[in-house]
Structures are given as C-alpha cells and as structure tokens.
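Q: Please take a close look at the sheets of this predicted model. I should like one connected account of how strands and helices are arranged there, followed by the surrounding loops and the pocket.

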Amino acid sequence: MSTPPTPTIRDVAKAAGVSIATVSRVLNDAARVTEDTRHRVRAVVDKMGYAPHGGTRSVMVRRTRTLGVLLPELYGEFFSEFIRGIDETAKKHGFLTLVTSARREAHEIAAAVSNMRGRVDGFLAVSPSVAARATLAEVAERYPTVLVGAGSDVGDFAALSVNNFQGAATMMKHLLSLGHRRIVFLRGPAGQVDAGERLHAVREVVNWYDDCDLTELAGEFRMDTAYEAVAQLLQSGERPDAIFAANDTMAIGAISAVRDADLRVPDDIAITGFDDTPMTRFLSPPLTTVRMPIYALGERAALRLIDTLRGGGTAVPANHEILPAQLVIRSSCGAARKMMEAADS
C-alpha cells in the first residue's frame, strides 16, 4: 500500500482558498491577516497535518517550552487553584503556560487549538462535557496532550481525574448517617462529566435507603442559580433536612438563600459541598465538603506532559490516573451537633 503524499504549503493554500504568502503569514503569526482567514488556514493545516520544513504530522513546528492550557472557563476558585498547580510546576521545570478558555463547543476548542498551534509544545485540557471529550481526543492524536476530568470511560488516552463517584457517595452516606432523610441535591450542568458522575453516585446511594426522600434541583455549578433554586424551594414551604451541592460555589449560594429565609445552618438545614476550594474553611459555618486534590491535579498533569516533552515524545503515554476524593467534615453538616446530643444522652 502506497503512503499518502505529504501535504505542501501549496496544497494548504488551495484548500483554504488563499495565497501561499497568506499561509506563510499565518504560520509565522504575522499581523497582516484577518482573524477569519487565520482560523480558516489553521483549520486546514490541522486537518491536512501540514508541517513546514519537512516536520512530521504529529510534531510541533518548533519547541517553545510553553504548555497550552485549555479550560472550559477561567472563573472561580477551582480553576484558579488548578492553574496555580500547573503554572508553579511548569516554572520549576523551565516551562511557561499559555491559558485560554475553550468553553464546551467543539468549534471553540478547535479554534483555541488552532490559535495556539506553533506557540505551545503540548496541551493540558480540561474536558467539561462528553461532546468536548471527543474533540479533545482528536487533539491528543495530533499533539502531546493530557486530558483532565474526562470521566472514568475516557478510553486509551493520557488522562487524570478525581473519583467523583466515590466522593459523592461518601458524602451522601455521611448525611444519612447523621439522620438526614429529606435531602436536596443541587446538580451541575447536564452533560458535564464531573456533574454526571456525582449525580449518578447520589442516585445509587438513595436506592439503598427506602426512607430517603431525594429532591434534585438544577444549580448549574453557579452561585446565583443555586441561590434562586433554594430560595424558590423554601418559599414553597418545603424544608429539607440537608442540601448537598455538587460544588462549593453552589453550596455558598444555598447558605445565603437559607439565611435570607431566616433559617440557620446547620440547625435548621445542613449544607454540604464538593471540591474543598480554599475559602470553604473560612465560611461561617465552615463548609463540610468533598476534597478534590485541585492543585495536585494541575501539578501531576503538568509533570506528565513535561516528562514526555523532555524525552522527545510525540504522545503522552496512555494511562488514566484516578485520584481519590476525601470527605472533609466541618460544621455546616450538623455533625458536631449530633455528637453533642449523643454525649448528653
């Protein structure tokens, strides 16, 4: 079987409908090119696997000692801590980081990768959804890439994730052990990998308890959305024993809604979260949550990519590393009150 011919710059220009000079300007990041043309040319370059100066399809044009970081968003303590883990690790090993948000749509991820092409040596990418995971898997086939949070069924790729199922199941068992039976679960966004695994765990645990009354509310991982959802629930006259938020941001919104309803946490309603972002221990009351090793996720992902780049590899060895989640018991769940009641009895 004959080997397909290596694409040339002339092939790229023809496919993109531009001149050879324009392709050259795009590849050299010249300013005299519109963004639309730049995106179109880079998309063709990636599709055809064109590499100037005889480079191979899977190798970057030049080494930049820079790591490309693709995030679904840049807002919030979780991503701040995650980026810190990546950036501090990269600097220790003589690398820089280039960070951008790629949201959840496939075309946004493709555009971000295209814009970074030639500027970075590889990618660290957070997979926010199943749809995005498919696109990021294609990126991993072309460039050294580590996927983060891609889910337990990510497949044969270099990936890191946290055991969301174990963490959420442990939290539900903890709430039930405290006697809470009317529990509200604030869900994350539909289609989001971490949110889906946490929801699955909650539903599985509930199936083990005939007397558990579970209510699911859409919180979308946002503080304002969680606040509105809980406020509406309380205004309807419903009063759960506990609220388990699928991330700490929603838990903070829930605490505010409970207080605005002239109720107390945890005396009237227990509230817990997930992630253990740095501020949760300083809330009043301090938040019971599930600790994700956020900094370690960034650190270990960066190290896996850097080790591959230093070794001259064109692909990070396929291995899915799953980090454990840990229950962190503070005051917001009512555990301390239960202990005092038990001691007095």
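A: Six strands make up an open sheet with parallel pairing, and their order is β2-β1-β3-β4-β5-β11. The edges are taken by β2 (96-101) and β11 (319-323), each of which has a single partner strand, so one side of each is left without a neighbour in the sheet. On average, and with direction ignored, neighbouring strands of this sheet are turned by 15 degrees against each other.

Within this sheet, strand β4 (residues 145-148) runs parallel to β5 and is joined to β5 by two bridges. The bridge partner of L147 in β5 is A159. Helix α11 (residues 294-310) packs on the sheet and touches β1, β3, β4, β5 and β11. The direction of α11 makes about 170 degrees with that of β5. Helix α5 (residues 106-116) lies across β1 (66-71), β2 and β3 (122-126), and runs at about 165 degrees to β1.

Helix α4 can be followed through one of its residues, T89. Leaving aside neighbours within four places in sequence, T89 is in contact with E299, A302, L303 and I306. T89 counts as buried because its relative accessibility is 3%, where buried means under 20%.

A further open sheet is formed by four strands in the order β7-β6-β8-β9, again with parallel pairing. Its edge strands are β7 (213-218) and β9 (270-272), each pairing on one side only. Here the average turn between neighbouring strands, direction ignored, is 20 degrees.

Strand β6 (residues 182-187) pairs with β7 in the parallel sense, over six bridges. R187 has A218 as its bridge partner in β7. Helix α7 (residues 164-177) packs on this sheet, where α7 touches β6, β8 (242-245) and β9. The direction of α7 makes about 170 degrees with that of β8. Helix α10 (residues 248-260) also packs on the sheet and touches β6, β8 and β9. For α10, the angle is about 160 degrees with the direction of β9.

L186 gives a view of the surroundings of strand β6, in which L186 is found. Its relative accessibility is 0%, and L186 therefore counts as buried. Not counting residues up to four places away in sequence, L186 touches L217, A226, A229, V230, I243, F244, A245, A246, M250 and A254. The C-alpha atoms of L186 and E216 are separated by 6.0 Å, although these residues are 30 residues apart along the chain.

Several loops carry backbone features that deserve inspection. In the loop between α10 and β9 lies P266, and a cis peptide bond joins V265 and P266, with omega about 5 degrees. The loop between β9 and β10 (289-291) contains P285. S284 and P285 are likewise joined by a cis peptide bond, with omega about 0 degrees. D275 is also found in the loop between β9 and β10. Phi of D275 is near 130 degrees, a positive value in a residue other than glycine. With a relative accessible area of 7%, D275 is buried.

A positive phi also occurs at E220, a residue other than glycine, where the value is near 60 degrees. E220 is placed in the loop between β7 and α9. The relative accessible area of E220 is 35%, and this residue is therefore partly exposed.

The account ends with the largest pocket, whose volume is about 860 Å³. The pocket is lined by 36 residues, of which E73, Y75, F79, F221 and N247 are the closest to its centre. Elements that give two or more residues to this lining are α4 (77-92), β5 (158-162), α8 (193-206), α9 (223-235) and α10. The largest share comes from α4, with four residues. By residue class, the lining of the largest pocket divides into 17 nonpolar, eight polar and eleven charged residues. Two of the elements named above thus return here in terms of the sheets: β5 belongs to the order β2-β1-β3-β4-β5-β11, and α10 packs on the sheet by touching β6, β8 and β9.

How values were computed: Residues are numbered from 1 along each chain as its sequence is written. This is a predicted model: local features need pLDDT of at least 70, side-chain atom pairs count only at pLDDT 80 or more; totals for chains, interfaces and linings use all residues. Side-chain values use heavy atoms; hydrogens and water are left out. Two strands pair if DSSP finds at least two bridges between them. Axes are lines fitted to C-alpha atoms, for helices over the stretch in contact, and angles run from 0 to 180 degrees between N-to-C directions. Contact means heavy atoms within 4.5 Å. On a 1 Å grid over the protein atoms alone, a cavity is a set of points where a 1.4 Å probe fits but cannot get out, and a pocket is an open set with protein on both sides within 12 Å along at least five of seven lines; lining residues have an atom within 4 Å of a point. Grid points are joined across faces, edges and corners, and a volume is the space filled by probe spheres set on the points. Ala, Val, Leu, Ile, Met, Phe, Trp, Tyr, Cys and Pro count as nonpolar, Asp, Glu, Lys and Arg as charged, and the others, Gly among them, as polar. Buried means under 20% relative accessible area, exposed over 50%, partly exposed in between (1.4 Å probe, protein chains only).
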